[in-house]
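Dear colleague,

I am passing on a structure for you to look at, and I would be glad if you opened it before reading my notes.

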Amino acid sequence: MKSFHIITFGCQMNEHDSERMSGLLEQEGLCAVDTPDAAEVIILNTCSIREKAEQKFYSELGRLTRMRDLSGKKVAIAVAGCIAQQEGRKILARVPSVDMILGPSDIARLPGMIKRSSSTGGPEIATEGDSDYHVSSLPAARSDRIKAWVSIMYGCDNFCTYCVVPYLRGRERSRPSADIVQEVRELAGRGYREVTLLGQNVNSYGKGGAAGDCFPDLLRKLNDVSGIERIRFVTSHPKDLSDDLIQAFRDLPKVCESMHLPVQHGSDKVLMTMNRKYTIAEYRDKVRKLRDAVPDMVLTTDIIVGFPGEHEEDFEQTLHLLGEMRYDNIFAFKYSQRPGTAALKLAGHIPEAVKEDRLDKVFEVQKPITLERNNRHKGTVQEILVEGKSKRGGKLTGRTRGNKIVNVAGPDSLVGSLAKVRITSAGPNSLGGELCE
Ligand code: 5AD
Ligand code: SF4
């Protein structure tokens, strides 16, 4: 029996794609091993969102090929995911001993590629994409027994000018809603309590009608699946946050009160050159509606600093927005030039040192806000889904409906169930509490 090991870089979409590759290979009789040195097939599932992710991948690939060459063992190395799609055959010019290269929509071809490459010895390359990928139901070897990821759509049509995703993951395609409901029912039957719906822009799910439902209707159907207690989704684009979706948040008990709503920037001028298709006034209005409908909403966002043409006063608008929005948490990044994207040709690229300085300032402004937002839960009773033991301290660890980590002393028998916890402390990254009953 052939052994394999997958190393995953990047987002939850990639994590889930890795679960699907594992599921497919296990179905074919291969077995997963915990370390690359024990594997006959090593798969690197790559990310290309920023240059740093790409550098991390190439250094890992270099390390693995050297390790393989030194050991003299016959080990096949596959590059999957976004860098495979972006670079294709060009990866071979840099690292000739790579055996397989496959894009994110070519996952189903992996077992066949492994067989062929071990018999022919030549490199196998598949980056053309399977046009039926979004209607296929591939098995998944899931890494968790309580929470599961469920892809509901692939690709993106938005073409934000900094972003490489639409070029690598293709046009937006929604999975048929009946398939998604079926998958979630099966997960519930196997004991899963929480699902996170995945897509680049989940709230435009179903656009065009071919999937059978729009996103709020899909949520309504999933809310009816018994056994599932919590529904989450990432990522949402502010331009597609509809009143209907806000109502679904308010009315559907299983849809959790947390939303990741990337704003990217605080200046209308920069948002325009980013091709984000909303103004800060429109964004503000949607957030107000969302918080009016669901006062407990835990809101998080993504921020980019140092986008081309970002003057000091534009940047200050981002800082101002953070103060105004009071996000529970943010993910902030320095703008990174990506191949083929429109922003490359913009004037006014920002020096690295300025970007670094601005990123520091963003975190400086956000840090006390995150703490303040965590502190606000003190004294409240939160429902947590207990996920396991915390690494330090041996306490139980779980998440609130708002997706905040809570550590609490309690019996192991609670793992996998919902518990009521009174929050007694708050730090920058997690909350602490005591069991209510
Ligand atoms: N540079 C920096 N950040 C980027 N993101 C996407 N592309 C880039 C880029 N070229 C960020 C955006 C997006 C998140 C997933 O990654 O903030 O929301
Ligand atoms: Fe990239 Fe914009 Fe699509 Fe998100 S919405 S994946 S940032 S192009």
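The notes below go through a sheet, a ligand and one lysine.

Please keep in mind that this is a predicted model, in which local features need pLDDT of at least 70, side-chain atom pairs count only at pLDDT 80 or more, and totals for chains, interfaces and linings use all residues. Residues are numbered from 1 along each chain as its sequence is written, chains are lettered from A and ligands numbered from 1 in the order in which they are written, and side-chain values use heavy atoms, with hydrogens and water left out.

Three strands (DSSP runs of E, at least two residues, numbered from the N terminus) form an open, parallel sheet in the order β7-β10-β11, where two strands pair if DSSP finds at least two bridges between them. The edge strands, each pairing on one side only, are β7 (147-151) and β11 (230-234). Between β7 and β10 (residues 194-198) there are 5 bridges in the parallel sense, and Ala148 has Val195 in β10 as its bridge partner.

Ligand 2 is surrounded by residues that include Cys156, Phe159, His237 and Arg276, a residue being near if one of its heavy atoms lies within 4 Å.

Lys355 lies in helix α13 (residues 352-375), helices being DSSP runs of H or I with at least four residues. Lys355 counts as buried because its relative accessibility is 7%, and buried means under 20% relative accessible area (1.4 Å probe, protein chains only). Leaving aside neighbours within four places in sequence, Lys355 is in contact (heavy atoms within 4.5 Å) with Val305, Gly306, Lys334, Tyr335 and Ile350.

With best wishes

Key: Buried means under 20% relative accessible area, exposed over 50%, partly exposed in between (1.4 Å probe, protein chains only).
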